[in-house]
Amino acid sequence: MQPSPSTSPEATTEITPPVAERRPVTRDLFGRQVVDELGWLRDREDPAVVAHLEAENAYTDAVLAGVDELREELFAEIKGRIKETDLSVPVIKDGWAYYSRTSEGQAYPRHCRCPAAEADIAAGNGPDGGDVPPGEQVLLDENAEAEGHEFFDVGNFDVSPDHSLLCWGWDATGNERFTVTVRDLSTGEDRADRLVDVSPNSAWSLDGSAFFYVRPDDTNRPFQVWRHRLGTDQGDDVLVYTEDDERFFVGVGLEKDDSFVQIVSSSKVTDEVRVVPAAAPETEPRLIAERRQGVEYSVAHRHDRFVILTNVDGAQNFRVMTAPDDDPGPANWEPLDLGGDGGAGPGGTAPGAPMISDIDVTEAHLILFERADGMTRIRSRRWSDGHVSQIEQPEAVSTVWPGANPDFASTSLRYGYSSMVTPASLFTVDLVTGERTLLKQTEVLGDFDPARYRTERTWATAPDGARIPISLVERVDRPAGPGPLLLYGYGAYEASMDPMFSPIRLSLLDRGFAFAIAHVRGGGEMGRAWYLDGKFERKHNSFDDFVLCARHLIDQGRTSPDRLAIRGGSAGGLLVGAALNQAPELFAAVVAQVPFVDALNTMLDASLPLTVTEWEEWGNPAADEAIYEAMAAYAPYENVRAVDYPSVLATGGLNDTRVGFWEPTKWVQVLRETTTGSAPILLWSDLGAGHGGPSGRYDAWREEARVLAYLLLTLGLST
């Protein structure tokens with residue numbers, strides 16, 4: 001049993017952690033009987049639940065009271081590095097320049113536009129700072145709209161093809177169910193159209209007389225596509241498509257060339273696409289290719305053909321096909337030769353072939369965003385002659401990603417770029433001449449000098465021979481020998497945690513920390529096979545890899561168990577929670593944000609949001625005994641044991657529809673009850689937000705300052 005901790009991880013005082021009431025519920029499945037005494041904590045309608053969360057927050061505040069000044073200092077550092085009054089690089093479409101601007105003291109952005117020619121920004125040479133471009137029109141001021149709301153999030157933000165109307169939606173609770181209306185951009189006033197319970201997804205018809213939108217079911221799964229005719233009530237809207245399979249989410253979008261509205265049904269591993277002519281929105285949706293379990297595909301349109309990115313026929317790392325738009329079925333899919341190691345024909349099947357993660361289609365070029373050997377890259381292919389070229393980047397350990405490229409006729413490509421020492425940058429490259437131009441690099445205020453920091457890639461080797469990449473950044477003058485280090489990971493959904501810059505991270509680096517990302521199996525950093533080797537019965541590879549990376553960094557002499565902290569959020573919270581149970585002796589501090597730590601109970605409850613669709617990521621433990629046994633063996637809540645656990649800071653959100661707030665709440669309780677040590681185990685829940693935490697930037701920075709102060713306190717660096 002954990003003693004009552006104080007503001008020092010080693011000491012104890014009269015500060016007493018709250019103890020939740022026990023109300024036993026028995027789970028009996030596959031001959032295994034398990035008693036869960038804390039399951040009642042999921043009932044947000046029970047006054048005792050909110051009272052318990054409030055008591056947990058008070059306890060955490062009391063334990064961390066000794067670093068209040070440090071937290072304010074860290075908040076000031078974060079705020080002082082970020083250019084509060086700033087302007088994004090405008091996106092040009094049809095003679096309009098669209099951009100967002102932030103202003104000092106305001107928590108949210110303003111979304112604006114101006115005539116591109118007046119602002120001299122067609123080539124990215126726009127004014128920055130607080131300068132207001134000539135002819136600026138504020139389309140949506142989130143600060144004004146957020147007044148009176150503790151939480152405010154804009155979801156839909158969709159300008160009509162003729163640039164006269166804005167379809168926009170907001171969520172004031174964090175539950176991800178939006179209210180949508182239409183703003184007349186000539187007057188700045190919202191029309192009478194008002195739609196409720198909408199998912200943040202929409203697509204206009206070509207003439208702007210109607211738009212398509214998506215509604216969620218009772219579990220928050222986007223499952224229906226509706227068509228709304230302007231000037232009518234929501235009750236008159238037309239149901240266009242319903243997705244009955246609970247594994248699938250539905251989305252809509254307008255093609256870049258304005259030809260079709262896409263209706264996309266996707267599970268974790270299967271896709272199905274329908275199209276409606278944007279010029280004839282009342283047309284019945286036409287199917288591109290019927291769903292086949294395990295076959296993924298996405299489509300774009302050029303001239304009279306669809307361009308298809310797919311893993312069909314064993315193309316594990318994906319291939320690009322084309323098909324005529326009047327008969328686009330799989331029988332007419334023809335492979336493109338992508339040149340080089342992209343392969344021809346069934347490209348993506350050869351050993352070592354790059355993973356094609358995304359494509360962009362323009363009048364003259366096909367753009368390929370790829371992954372090779374754990375890094376990202378961009379290649380372009382000319383439609384006219386098939387010539388393929390690679391866009392070189394200035395640093396080896398870096399990240400590139402698609403930028404906003406709405407102009408179908410453009411021969412230039414915008415893309416994002418960053419490394420762990422280079423702030424986020426926006427480049428444009430002329431795909432004809434190869435000339436690259438830096439449009440904007442995020443300015444870091446204060447005395448930031450990238451030359452003070454170094455980044456590298458190191459590799460840990462697993463017993464089965466897998467090489468796990470680790471990205472690392474530290475100051476060049478960091479003393480040799482073991483020092484404080486924060487190890488971060490995620491490892492699920494084929495999501496890649498690529499090496500990127502964070503101005504917030506500097507507060508740790510400048511205090512002697514190193515920061516590392518463990519690119520474990522279950523993520524997408526090394527291609528599709530890397531993902532598959534970290535899910536279902538092989539999910540343990542994610543946790544084994546993370547612990548292995550920790551040991552690797554210790555063995556390299558970069559850190560030591562008393563100076564090593566780990567951090568992860570959501571599925572990354574599951575990662576650090578499982579690693580904590582596996583090797584608690586390796587870590588001094590754990591930050592688990594909205595952590596998926598009660599994974600088995602959640603995956604057994606089909607009534608919860610997301611559970612059914614998540615079965616294709618984790619497996620269905622209610623129907624598959626092997627999956628049940630696998631999850632029972634790694635779910636953090638199920639595997640807490642009587643050992644000396646290090647200090648833990650867990651967070652949750654009362655309105656979270658992705659990871660229930662009760663998951664970290666239950667986990668913290670059982671950790672406290674079971675640990676044989678005295679390190680503080682803390683929970684802090686946001687009672688007015690959801691999965692993403694606070695909505696305003698200042699509140700988000702303050703929460704980050706709390707985490708950093710906790711880490712510095714726990715590792716003995718708070719003075």
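## Close-up views of the predicted model

**View 1. Helix H7 and its buried residues, which are Asn541, Ser542, Phe543, Asp545, Phe546, Val547, Cys549, Ala550, His552, Leu553 and Ile554.** Here "buried" is under 20% relative accessible area, "exposed" is over 50% and "partly exposed" is in between, using a 1.4 Å probe and protein chains only. The model is a predicted one, where local features need pLDDT of at least 70, side-chain atom pairs count only at pLDDT 80 or more, and totals for chains, interfaces and linings use all residues. Residues are numbered from 1 along each chain as its sequence is written, and side-chain values use heavy atoms, with hydrogens and water left out. H7 runs over residues 540–555, and its 16 residues reach 22 Å from first C-alpha to last, close to the expected 22 Å. That expected span is 1.5 Å times one less than the number of residues. Helices (H or I, at least four residues) and strands (E, at least two) are DSSP runs, numbered from the N terminus. After H7 comes glycine 557, with a positive phi near 80°.

**View 2. Helix H12, with 12 of its 13 residues buried.** That count is why H12 is largely enclosed by the rest of the structure. Among the buried ones are Trp662, Trp667, Val668, Val670 and Leu671, but also Glu663, Lys666 and Arg672. The helix takes in residues 662–674 and spans 18 Å between its end C-alphas, close to the 18 Å expected.

**View 3. The second largest pocket, with Arg44, Pro609, Asp656, Thr657 and Trp662 nearest its centre.** Trp662 is also one of the buried residues of H12. In all, 20 residues line the pocket, and its volume is about 340 Å³. By class, the lining has 4 nonpolar, 9 polar and 7 charged residues. For the classes, Ala, Val, Leu, Ile, Met, Phe, Trp, Tyr, Cys and Pro count as nonpolar, Asp, Glu, Lys and Arg as charged, and the others, Gly among them, as polar. On a 1 Å grid over the protein atoms alone, a pocket is an open set of points with protein on both sides within 12 Å along at least five of seven lines, while a cavity is a set where a 1.4 Å probe fits but cannot get out; lining residues have an atom within 4 Å of a point. Points are joined across faces, edges and corners, and a volume is the space filled by probe spheres set on them.

**View 4. The second largest cavity, holding about 60 Å³ of space.** The structure has 5 cavities of 30 Å³ or more. Thr219, Arg221 and Glu246 line this one, together with Ala606, Leu608, Leu610, Thr611, Val612 and Thr613. That makes 4 nonpolar, 3 polar and 2 charged residues.

**View 5. Tyrosine 415 in strand E28 (residues 412–418).** Tyrosine 415 counts as buried because its relative accessibility is 0%. Setting aside residues up to four places away in sequence, its contacts (heavy atoms within 4.5 Å) include Ile378, Ile391, Trp401, Pro402, Leu426, Phe427 and Arg436.

**View 6. Glutamate 142 in helix H4 (residues 142–146).** This glutamate is buried too, with a relative accessible area of 8%. Beyond four places in sequence, glutamate 142 is in contact with Tyr108, Pro109, His111, Phe152 and Val154. Tryptophan 170 is 28 residues further off in sequence, and the C-alphas of the pair are 9.5 Å apart.

**View 7. Arginine 23, in the segment before strand E1 (25–29).** At 29% relative accessibility, arginine 23 is partly exposed. Not counting neighbours within four places in sequence, arginine 23 is in contact with Asp36, Glu37, Trp40, Asp46 and Ala48.

**View 8. Two loop residues with positive phi, phenylalanine 318 and glutamate 494.** Most residues other than glycine have a negative phi. Phenylalanine 318 has a phi near 80° and sits in the loop between strands E20 (305–310) and E21 (319–324). Its 7% relative accessibility makes phenylalanine 318 buried. Glutamate 494 has a phi near 60°, in the loop between strand E33 (485–489) and helix H5 (506–509).

**View 9. Residues 1–13, where pLDDT stays under 50.** pLDDT is the predictor's confidence in each residue, from 0 to 100. The model gives residues 1–13 46 contacts beyond four places in sequence. Residues 121–130 also stay under 50, with 30 such contacts. Over the whole chain, the mean pLDDT is 93, and 94% of residues reach 70 or more.
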